[in-house]
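Opening the notebook on a new model today. I want to look up what sits around the DNA, how the chains relate, and how one of the sheets is put together.

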Number of protein chains: 2
Amino acid sequence: MTLPISRTRADFIAYMGQALEAQGLPPIAGRMLGLLIFDGEPRSFSELATELGVSRGSISANARHLLARGAIIKENRPGDRQDYFCLAEQSFDTILAELIARMTATSQAVRGFAEALPAEEGARRRLCGLADFYAAMAGGVTQALQRLSTMR
Amino acid sequence: MTLPISRTRADFIAYMGQALEAQGLPPIAGRMLGLLIFDGEPRSFSELATELGVSRGSISANARHLLARGAIIKENRPGDRQDYFCLAEQSFDTILAELIARMTATSQAVRGFAEALPAEEGARRRLCGLADFYAAMAGGVTQALQRLSTMR
DNA sequence: GGGAATGTTCATTTTTGATTGAACGCAGAT
DNA sequence: ATCTGCGTTCAATCAAAAATGAACATTCCC
């Protein structure tokens, strides 16, 4: 037996809020994304506020955040003063690209520390290992990204 | 010209504190890990407290956290009542394995939501896409993990 | 002009999480 | 027995982040 769609929708939105919070997004940003993913079509600023039951100030701040990240896009319609938001098509790719950038940066920073040490220091070897670790992760995620883009 | 090792060490520890904080660890846990990575050999409970300049309560809590994650191990020496901690050998692998587990769990959760929807719902297709996204990431990291283990 | 709708800003409040430090229990040493 | 060193616990404190809501600017409509 199937649950009513609206129930699944609400559960999904709540779940996304928590899942993305664990990845560093503010909770409301996660729920906004969840809503936009589920609905698939643009939602207006005030629809978001009323549906999520949060203040307009929060929508404003979180939308700015998500826009800056390239996760969503703002749409404006002639003759309608409202802002509409929808998922950026390459929303996921953007997120992955940022992840890769962060890991690469960490790898390089650690390698920088390692290279400030004399070759005979054991610490140097360990830090290089850590740098390799981050580099490998960046590589793995890069492959995931490629696999995803060929997938469609 | 080379900086004194102790300077690089301090900088590295501070950097790790911030880098791992961005990945969800408490700041002190990150610094503990940084210190143990740099030094490579076991450090005692009180050494950690005094060197990092934090309370014993913090060391206790964060060590418990890191132990639970499998990132460090506790060592006890006969005739010495102190606890010693050092990096778990497969510390990095463990972290990756957890990351994979989390992403796989998310993928499955999202697919669960998708499958609660009728086939004709557009949302179903979108949620499946999201599930694929997480699955692909898990796959990518899995490859990274394999690459790392063959590397040594 | 007045009024309604819209998004932003910012000071304030709320919430969340980390950290501290005192109290405690336990185990050896004296 | 008492004392000392060690790690844990937990209530209180502190700090950082997020959310709110009122004030504001702008635009459109009458």
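**Entry 1, DNA strand C.** A reminder to myself that this is a predicted model. I started with B:Ser58 and found one of its polar side-chain atoms 2.9 Å from a phosphate oxygen of DNA strand C. The elements giving two or more residues to the surface near this strand are helix H4 (56-69) and strand E3 (80-87) of chain A, plus helix H2 (27-39) and helix H4 (56-69) of chain B. Which of them gives the most to the surface near DNA strand C? I get H4(A), with four residues.

Next I looked up other phosphate contacts. A:Ser60 has a side-chain N or O atom 2.8 Å from a phosphate oxygen of DNA strand C. For B:Ile28 a backbone N or O atom is involved, 3.5 Å from a phosphate oxygen of that strand.

Then I listed the surroundings. There are 17 residues around DNA strand C, and A:Arg56, A:Ser60, A:Asp83, B:Ile28 and B:Ser58 come nearest. Of the atoms of DNA strand C within 4 Å of the protein, 66% belong to sugar and phosphate. By residue class I have five nonpolar, seven polar and five charged on this surface.

**Entry 2, DNA strand D.** Here too I find 17 residues around the strand, with A:Arg81, B:Arg56, B:Ser60, B:Arg81 and B:Asp83 closest. Sugar and phosphate make up 67% of the atoms of DNA strand D that come within 4 Å of the protein.

What do the two arginines at position 81 reach on DNA strand D? A:Arg81 has a polar side-chain atom 2.8 Å from a base oxygen, and B:Arg81 has one 2.7 Å from a base nitrogen. B:Ser60 goes to the backbone instead: I see a polar side-chain atom 2.8 Å from a phosphate oxygen of DNA strand D. Two or more residues each come from helix H2 (27-39) and H4 of chain A, and from H4 and E3 of chain B. H4(B) gives the most to this surface, with four residues. I noted the class split as well: five nonpolar, seven polar and five charged.

**Entry 3, the two chains.** I laid chain A on chain B and got an RMSD of 0.2 Å, with a turn of 180 degrees and a shift of 0.0 Å along the axis. That is the relation of a two-fold axis. Which C-alpha of chain A is nearest the axis? I find that of A:Gly140, 2.2 Å away. The same surface serves both copies, and 98% of the contact residues of chain A recur in chain B.

**Entry 4, the sheet in chain B.** This is an open sheet of three strands in the order E1-E3-E2, paired antiparallel. Strand E1 (43-44) and strand E2 (72-77) are at the edges with a single partner strand each, so each has one side without a neighbour in the sheet. I see H2(B) packed on the sheet, touching E1, E2 and E3 of chain B, its direction about 85 degrees from that of E3(B).

I then went through the pairings. Six bridges join E2(B) to E3(B), and two join E1(B) to E3(B). B:Asn76 stands opposite B:Asp83. B:Phe85 of E3(B) faces B:Arg43 and is also the bridge partner of B:Lys74. Last, the hairpin of E2(B) and E3(B): two residues lie between the strands, and B:Gly79 takes a positive phi near 80 degrees.

How values were computed. Residues are numbered from 1 along each chain as its sequence is written. Chains are lettered from A and ligands numbered from 1 in the order in which they are written. This is a predicted model: local features need pLDDT of at least 70, side-chain atom pairs count only at pLDDT 80 or more; totals for chains, interfaces and linings use all residues. Side-chain values use heavy atoms; hydrogens and water are left out. A residue is near a molecule or strand if one of its heavy atoms lies within 4 Å of it. A polar contact is a pair of N or O atoms within 3.5 Å; within protein, one must be able to donate a hydrogen and the other to accept it, and residues adjacent in sequence count only if both atoms are side-chain atoms. Ala, Val, Leu, Ile, Met, Phe, Trp, Tyr, Cys and Pro count as nonpolar, Asp, Glu, Lys and Arg as charged, and the others, Gly among them, as polar. Copies are superposed by least squares on the C-alpha atoms of residues with pLDDT of at least 70 in both. Contact means heavy atoms within 4.5 Å. Two strands pair if DSSP finds at least two bridges between them. Axes are lines fitted to C-alpha atoms, for helices over the stretch in contact, and angles run from 0 to 180 degrees between N-to-C directions.
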